[in-house]
Structures are given as structure tokens and as C-alpha cells.
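Hello,

Here is the structure I promised to pass on. Have a look at it first, and my notes follow underneath.

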Amino acid sequence: MGKIQIVVVGGGAGGLELVARLGARYGRERHDIILVERNRTHIWKPLLHEVAAGSLDANLDEVGYRSHCHRWGYRFFLGSMEGLDRDAREIIVAPLVDENGRELLGRHRIRYDYLVFAVGSVTNDFGIPGVTQHCLFLDTHAQADRFRHQLLNHCLRVSRSLSQTPDAEQYVRIVIVGAGATGVELAAELYNAASALRYYGLEVFDESRLKVTIVEAGPRILPALPEKLARAAREELEALGVRVLTDVRVTGVTADAIQTRSGESLDADLIVWAAGVRGPAWLQDIGGLETTPGAQLKVRPTLQVTRDDKIFAIGDCCQCVLPGAERPVPPRAQAAHQMADTVLENLDRLITGRPLKNYEYRDYGSLVSLSRYSTVGSLMGNLVGGRMAIEGRLARFVYMSLYRMHLLAVHGRLRGAALILIGHVSRILRPRLKLH
Ligand SMILES: Cc1cc2nc3c(=O)[nH]c(=O)nc-3n(C[C@H](O)[C@H](O)[C@H](O)COP(=O)(O)OP(=O)(O)OC[C@H]3O[C@@H](n4cnc5c(N)ncnc54)[C@H](O)[C@@H]3O)c2cc1C
């Protein structure tokens with residue numbers, strides 16, 4: 001009898017934790033655990049705003065899939081899934097090309113007995129004209145790097161011009177659309193980065209040369225947090241110099257401005273779009289599976305997709321409405337982490353013919369890091385027996401715990417703890433900014 005082949009597509013917050021634990025549980029003797037991932041390395045997505053601002057050197061926090069798979073007993077296939085043949089039980093992977101566009105491997109298929117989608121989400125442009133062409137996004141490491149390069153170029157331009165004419169009215173104007181955690185965290189991180197630039201050769205540049213505007217369509221920032229905390233975060237942002245506009249709907253974007261419904265135009269050197277998520281377009285109706293209009297796979301409480309018992313979906317790419325809940329489980333790293341746990345258990349139950357268990361979402365709260373200036377958030381449920389607002393050092397500690405949990409899940413206890421320690425040391429020793 002052949003090996004049981006479990007294919008996980010996407011090695012992000014949920015998928016990488018899942019393959020590591022599947023590999024550790026089953027080994028290679030009678031199971032083949034395969035990770036299909038379009039990148040060679042993994043970076044935990046909630047760190048991307050720090051990569052974008054330059055305050056984190058992602059190379060130190062990256063995990064190379066090839067060495068990781070060797071250690072954990074799964075196989076890594078580099079490639080981008082583009083289709084699904086459910087009759088043949090095969091996924092279809094796009095041709096693999098090198099950086100010069102040369103084909104390394106043609107379109108190919110990978111067989112599965114059990115399949116798990118863990119392909120994450122993309123930023124939702126809501127079909128607004130100009131967004132895709134002119135905005136920067138923070139969905140991938142490459143996009144975060146692109147933002148950092150453009151940011152540094154603009155800072156350099158302003159710094160040069162101020163060296164020649166110190167009174168010049170020169171600023172780097174950044175508009176961030178969307179005041180959820182991503183937009184708010186990025187805004188604060190930009191001020192942190194700008195304040196450090198003068199130590200790295202841009203002597204006349206400082207944070208007063210940044211003009212950051214956050215534009216939000218809703219009535220307030222951080223809708224996932226209680227109003228009191230959102231107000232505290234807004235005050236902190238405004239104290240840094242961020243202009244916060246709420247109840248403002250963007251209707252169009254050009255190369256150097258956004259247009260709003262009220263007819264206003266806001267000029268910008270950089271426009272970042274961080275206004276909600278949706279599933280990747282290629283997921284829409286894939287293989288006849290049921291998807292939402294936003295291309296997320298609909299799953300049952302067991303995390304099996306609605307139309308196929310042998311296919312699961314976890315994390316941002318699925319829509320999971322649990323019994324008794326009015327809203328779907330939110331697209332968060334903590335949900336992806338917990339879903340990986342449930343699917344690990346449910347795959348075992350499915351293979352051994354036992355009834356599957358339902359996923360339970362444990363909301364430990366939401367935390368938003370305003371860089372080194374502050375952290376605000378609310379802890380919920382099991383952790384504090386209710387809902388508790390927290391700020392400051394405690395909030396920062398809990399915020400960092402989510403990443404530490406990911407490191408422990410991906411690397412194991414010993415190695416994970418060592419990496420956490422090395423991370424602390426490297427933060428002390430390395431430069432405050434990554435400038436290349
Ligand atoms: C800047 C930022 C800050 C955030 N902060 C927080 C936070 O503080 N707390 C929190 O809980 N959440 C936060 N989030 C949300 C969190 O990052 C996501 O909810 C989480 O990463 C979802 O995990 P996932 O495994 O579903 O997807 P991801 O972690 O996005 O992983 C998806 C993986 O699939 C791969 N992939 C995609 N398409 C294909 C394909 N066709 N073929 C092969 N591989 C593919 C991708 O390369 C990626 O590795 C933040 C997000 C951002 C962008």
C-alpha cells in the first residue's frame with residue numbers, strides 16, 4: 001500500500017506550524033507530508049510593517065523551508081498552486097520560472113489523499129480605480145521591501161534638498177488607507193524609523209519631515225478594539241504627528257494622490273493600501289468548491305470545506321462561521337495558529353475513522369503595537385476571565401508572546417527558546433534600521 005499523502009498549500013502562520021507538527025507526528029515511514037509554497041523562505045506576516053519601515057531585518061527572522069523540512073520530516077515543493085482537479089485528487093501547480101523568466105519546471109500536478117489550503121489572504125482593493133496600479137501593499141515580504149526602498153529614496157531626496165536649502169518646505173507625504181491594526185501599526189513604526197535616520201547618514205532628516213495621513217472609511221480607527229483604547233491609540237498617533245481622517249471614503253487613486261467621495265484630493269509620495277482582506281482571486285470557485293464573493297473557502301466547524309470531506313482550509317483563506325456565532329472567525333494569526341491545531345487532530349481522526357471535532361475559536365484579544373511609543377489592546381476570555389483593556393509594557397509583552405508562540409510551534413521548544421533569546425541579543429547588537 002502506498003503512503004498516505006497529505007498536501008498543505010501555503011507555509012505561513014498556519015500552514016508552517018501544521019506541516020512541522022504533521023512531520024513530527026507521522027514521520028516519513030507511512031506518510032508523505034508535502035508543503036507546496038511559492039516562496040523559498042517564511043516570514044511571519046504580522047512583522048511585515050516593521051520590515052516595511054526598516055526597523056526589522058527580516059533576514060534574521062526568516063525560516064528557510066528547505067532546511068526546516070529536512071529537520072521536521074516533511075517535503076517542500078517550491079511552486080504556486082493555480083488549480084484543483086478533485087476527480088483525480090490532484091492540485092495543479094503553475095510553471096516555475098527563474099528571475100529572468102526562464103522556465104525551470106513546467107505546469108505540473110501533485111497527488112493528494114488529504115489536502116489543506118493555508119494560502120492566506122490579499123488586501124482588498126474593493127474594485128476602486130487606481131488602487132492596484134498605484135498603491136503599495138503589505139501582503140508579502142517583497143512588497144514590504146519595495147515600500148522600504150521607496151521610503152528611503154524619498155527620505156534621501158528630502159534630506160538632500162534640506163542640506164542645500166535648510167528652510168525648504170520639503171516633506172515625505174505618506175497616505176495610509178485603512179485604520180485597522182496594519183495601518184495604525186505602520187504609521188507609528190514610520191515615526192520610529194524616521195527618528196533614527198539621522199544616525200545613518202541623513203543628518204538633516206528627522207520625523208518632523210514626515211507627513212503621514214491615515215484615511216478610514218468607518219467612524220473610528222481600530223474597530224476591533226474597545227472605543228476607549230482606540231481613542232488612546234488615536235491620541236498617541238496624533239501626538240506623533242499623524243493626521244487621522246475618519247468617515248472618509250476613497251473613490252480613486254492616481255500616481256500621486258487619492259480622491260475622496262467628498263471631492264477632496266490628498267497628495268502623496270507613497271500610498272499604502274491596508275483596507276481589509278479577501279481570498280486570492282485564483283481561489284474563487286476552485287475545483288467546484290464553495291467560496292464567498294471575496295474568494296474565501298467556506299468551511300464547516302470541523303474546518304473541512306463544505307463540499308469535500310478530504311479537503312480542509314485554515315487561516316485567512318477560509319470563512320468559518322461557528323455554530324451560534326453571527327460573524328466569521330476574524331483573519332488573525334491567532335486564529336490560523338488554533339486552526340492548525342484542530343486540523344492536525346482532525347486529520348488523525350479522519351484517517352483512523354473517528355468522528356471529527358469542531359474548531360473552537362478562543363479570542364485572546366487584540367493588541368496593537370504603536371512601535372516603541374506604546375502598545376494598546378484588550379485581553380479576552382480564558383486569559384483574564386472577561387475583557388480587560390491593557391496598555392504599556394504588559395500589552396507589549398503579550399503582543400510579543402504571539403510571535404514567540406509561533407517560533408515555538410515552528411521550531412520546537414528548545415530551538416524556539418534559543419531563537420527567542422538570540423532575537424533579543426541581536427536587537428541590542430544590530431543597527432536600529434535596515435537601510436538596504
Ligand atoms: C502588517 C500586518 C500586521 C498584522 N498584525 C497582526 C497581529 O498583530 N495579530 C494577528 O493576530 N494578526 C495580524 N495580522 C494578520 C495575520 O498576519 C494573518 O491573519 C495570518 O498571517 C494568517 O495566516 P495564514 O496562515 O492564513 O496566512 P499567511 O500567514 O499569509 O500565509 C499564507 C502562505 O501561503 C503562501 N501562498 C499564497 N498563495 C500561494 C499559492 N498560490 N501557492 C503556494 N503558496 C501560496 C504565501 O506565500 C504564504 O506563505 C497582520 C497582518 C499584516 C499584513
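How many bridges join E2 to E5? In this predicted model, there are four, and the two strands run parallel. One residue to look at there is Glu37, whose bridge partner in E5 is Leu78.

These strands belong to an open sheet of five, ordered E5-E2-E1-E11-E22 with parallel pairing. At the edges sit E5 (75–78) and E22 (311–313), each of which pairs on one side only. From one strand to the next, the twist averages 20°.

Two helices lie across parts of this sheet. H1 (residues 15–26) crosses E1 (4–9), E2 and E11 (114–117), and runs at about 165° to E2. H4 (residues 65–72) lies across E2 and E5, at about 155° to E5.

Now to the ligand. Of the 33 residues around the ligand, Gly14, Glu37, Arg38, Asp316 and Ala333 come nearest. By class, the shell has 15 nonpolar, 12 polar and six charged residues. Strand E2 (31–37) and the helices H7 (181–196), H9 (333–351) and H10 (392–411) each supply at least two shell residues; H9 gives the most, with three.

As for polar contacts, ligand oxygen atoms lie 2.9 Å from a polar backbone atom of Ala13 and 2.8 Å from one of Gly14. A polar side-chain atom of Asp316 is also 2.8 Å from an oxygen atom of the ligand. The protein covers 91% of the 1,000 Å² of accessible area that the ligand has on its own.

Enjoy exploring it!

Best wishes

Note on methods: Residues numbered from 1 in each chain as written. Predicted model: local features only at pLDDT ≥ 70, side-chain atom pairs only at ≥ 80, totals over all residues. Heavy atoms only, no water. Near = heavy atom within 4 Å. Polar contact = N/O pair within 3.5 Å; in protein donor to acceptor, adjacent residues only side chain to side chain. Areas by Shrake-Rupley, 256 points an atom, 1.4 Å probe, with all protein chains shown as cover. Nonpolar A, V, L, I, M, F, W, Y, C, P; charged D, E, K, R; others polar. Pairing = 2+ DSSP bridges. Axes fitted to C-alpha atoms, helices over the stretch in contact; angles between N-to-C directions. Contact = heavy atoms within 4.5 Å.
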